[in-house]
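Biologist: I'd like to learn how to read a protein model, one feature at a time. Can we look at one together?

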Amino acid sequence: MVSSDPVVVVEALKRRYGDRAESLKGWEELLSKLFDQKGNPIPTLTRSIQVEDVRLSWLTEEMVYIGIGVYPGEVDYLLIPKNPTEFFQRKFAELGHEEPRLLSSLVELEEELLESTENPVMRMKGYVVSSTLLPRDVIHDVVSHPNFRKQEKEWREMGLSYNSLNDSPLPLDTSYFDDLLELKKVEVDGILIKGDSYLSLKWLLNVGESDVKLTYIDPPFNKERERDFSYSVKYTNHIWLTMLENRISLAKRLLREDGVFFVRCDHDGNMLVRMLMDRVFGEDKFRNEIDIKRNQSLPKTSLRRLTEETENLLVYGMDEFKFKRMFVPRNPSWVDLGTRPSEGERGKPIRINGVEFYPPEKRRWAYSEDKVRELHSKGLVREVRGKLKILLDKRAVGTNWTDIPGYSTNPRWGLKTENSEVLLKRVIESSSDLGQKVMDFFLGSGTTVAVAHKMGRKWIGVELGDHFSSVVMRRMKMVLAGEKGGISKEQGWKGGGAFKYVHVSWNYPKE
Ligand SMILES: C[S@@+](CC[C@H](N)C(=O)[O-])C[C@H]1O[C@@H](n2cnc3c(N)ncnc32)[C@H](O)[C@@H]1O
């Protein structure tokens with residue numbers, strides 16, 4: 001039986017329950033067998049996922065993982081049993097103790113914690129609105145507002161200059177203009193949420209949010225202890241799976257009937273995530289595993305393993321989901337016109353300019369005669385030494401996406417795991433239309449929402465880390481101002497639009 005240092009546990013429980021921890025006085029020894037040094041109940045790995053003969057223990061379905069903060073080298077989280085009575089009764093039975101008074105105090109405290117995760121509170125923070133969306137009289141009110149200088153200072157710090165607010169899309173933050181109600185009446189393209197993703201998803205569900213067409217997540221990976229990120233990745237598999245399961249189950253409920261869910265993972269996580277996703281979505285919802293490119297790292301000094309060059313996107317689609325057909329250019333070459341097996345004898349000939357071209361024995365042409373004639377008239381089909389040839393200058397996109405960078409080759413927003421905008425463009429293009437809603441609840445530097453905005457999608461983004469303000473908010477303000485990096489050039493992005501930003505947290509201790 002695991003046992004923690006009672007003094008450390010008591011301190012940790014004071015952080016967990018506040019003044020209410022008083023009710024646990026006198027039980028220190030026993031508590032150190034029930035809770036770990038962080039004050040989280042010590043789980044028993046009773047649950048498992050099994051696929052054929054592979055069996056993995058985990059605790060997902062009995063705990064809620066709430067992220068408290070993501071700091072360099074550390075992550076703070078709470079694990080709360082979903083059924084405190086059952087959980088602690090089992091723990092006491094395992095310890096061979098019967099302590100009805102302690103049991104009822106713990107159950108009461110945990111139920112209160114649990115309840116506060118059910119109804120998270122939202123604190124409205126504000127709107128960011130492009131100046132070009134506003135009529136002249138409102139712009140006049142903005143410019144003559146006592147706080148306009150503060151707004152100008154922010155723009156200068158962001159390197160934004162302008163001649164006229166009506167001509168250049170400049171991001172106006174209502175934190176400077178709280179009393180200008182007209183700014184809050186514009187239709188927004190997206191919502192940025194600062195907070196833990198579980199609480200934020202709960203809140204979104206509680207306020208009736210729905211209709212998400214595409215969710216893309218790039219969660220912290222499970223085994224990156226050695227890497228230098230601005231947030232912690234010291235997860236054990238079971239806690240990592242708990243965190244993912246809790247969130248993916250909620251996010252699934254926000255998806256449309258033709259919605260799709262992309263999860264980015266690497267070789268350490270893909271097997272676990274595949275099993276987890278099969279369990280949450282159902283095996284029949286699995287669509288593809290896509291190979292994406294990892295940045296070139298230095299060659300390994302030991303040859304025990306080859307250098308990892310790829311990561312994966314696991315894609316799960318709801319019943320009505322269909323990918324869009326996508327093509328990329330390839331080196332042009334003339335190849336034999338395609339054929340397919342023919343049930344009977346050789347298929348019918350195609351006549352071009354009075355000449356008949358027969359497919360090989362037991363084959364039929366893959367294209368109709370009309371289609372081939374059309375391609376011929378456009379110069380895309382020709383006859384070479386008695387054979388029909390077709391010009392191939394593009395390739396249909398399949399599951400190999402290593403032709404584009406998976407990470408930003410030159411991260412501009414201060415996070416090493418910044419995904420490349422071209423990757424997100426392909427994800428969004430493959431699975432959504434203009435105006436549809438895209439969501440990411442592990443935003444990092446905000447690539448998903450930046451790209452979604454530039455591509456005319458609606459969006460929802462969630463980030464817990466302190467870089468929410470310094471990175472994500474700043475990046476989205478720059479995007480509204482017509483930021484030129486990433487996919488801006490190919491999208492013809494000139495700026496504009498508006499978004500709302502809120503903070504979501506739990507209501508504990510109750511207000
Ligand atoms: C791998 S990064 C995402 C990188 C992102 N795709 C990009 O392009 O920049 C994962 C992010 O998840 C955030 N995160 C970790 N736990 C979280 C939680 N419980 N709720 C919300 N965000 C969380 C981390 O702070 C980090 O920024």
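**Starting from one serine**

Modeller: Sure, let's begin with Ser-469, which counts as partly exposed because it has 14 C-beta neighbours inside 10 Å. Keep in mind that this is a predicted model.

Biologist: Where does Ser-469 sit?

Modeller: Ser-469 belongs to helix α13, residues 467-480. If you look across to Phe-323, which is 146 residues away along the chain, the two C-alpha atoms are 34 Å apart.

Biologist: How do I read a helix like that?

Modeller: Start with the general idea: an α-helix has 3.6 residues a turn, so residues three or four places apart point the same way. Now the case here: α13 has 14 residues and spans 19 Å from its first C-alpha to its last, close to the 20 Å expected at 1.5 Å a residue. Just after α13 comes Gly-482, with a positive phi near 90 degrees.

Biologist: Is α13 mostly covered or mostly exposed?

Modeller: Mostly covered, with 12 of its 14 residues buried. Among them are Phe-468, Val-471 and Val-472, but also Arg-474, Arg-475 and Lys-477.

Biologist: What do those buried residues pack against?

Modeller: The buried residues of α13 pack against the strands β5 (121-130), β6, β7 (190-194), β21 and β22 (498-505), and against helix α12 (447-454).

Biologist: That's a lot of strands! How do I read a sheet?

Modeller: In general, strands of a sheet pair through backbone hydrogen bonds, either parallel or antiparallel. In this model there's an open sheet of 11 strands with mixed pairing, in the order β6-β5-β22-β7-β21-β20-β8-β9-β11-β10-β19. Its edge strands are β6 (171-173) and β19 (400-405), and each pairs on one side only. On average, neighbouring strands in this sheet are turned by 20 degrees against each other, ignoring direction.

Biologist: In which sense do β20 and β21 pair?

Modeller: β20 (residues 437-440) and β21 pair in the parallel sense, over 4 bridges. To see one pairing, find Val-438: its bridge partner in β21 is Trp-459.

Biologist: And the ligand: how many residues surround it?

Modeller: There are 20 residues around the ligand, and the closest are Gly-67, Gly-444, Thr-447, Leu-464 and Gly-465. Two elements, β3 (63-71) and β21 (458-463), give two or more residues to that shell.

Biologist: What classes of residue make up the shell?

Modeller: The shell has 8 nonpolar, 8 polar and 4 charged residues. Notice how β21 keeps turning up: α13 packs against β21, and β21 also gives residues to the ligand shell.

Note on methods
Residues numbered from 1 in each chain as written. Predicted model: local features only at pLDDT ≥ 70, side-chain atom pairs only at ≥ 80, totals over all residues. Near = placed C-beta within 6 Å. Nonpolar A, V, L, I, M, F, W, Y, C, P; charged D, E, K, R; others polar. Pairing = 2+ DSSP bridges. Axes fitted to C-alpha atoms, helices over the stretch in contact; angles between N-to-C directions. Buried ≥ 20, exposed ≤ 12 C-beta atoms within 10 Å, placed from the backbone. Expected span 1.5 Å × (residues − 1). Contact = placed C-beta atoms within 7 Å.
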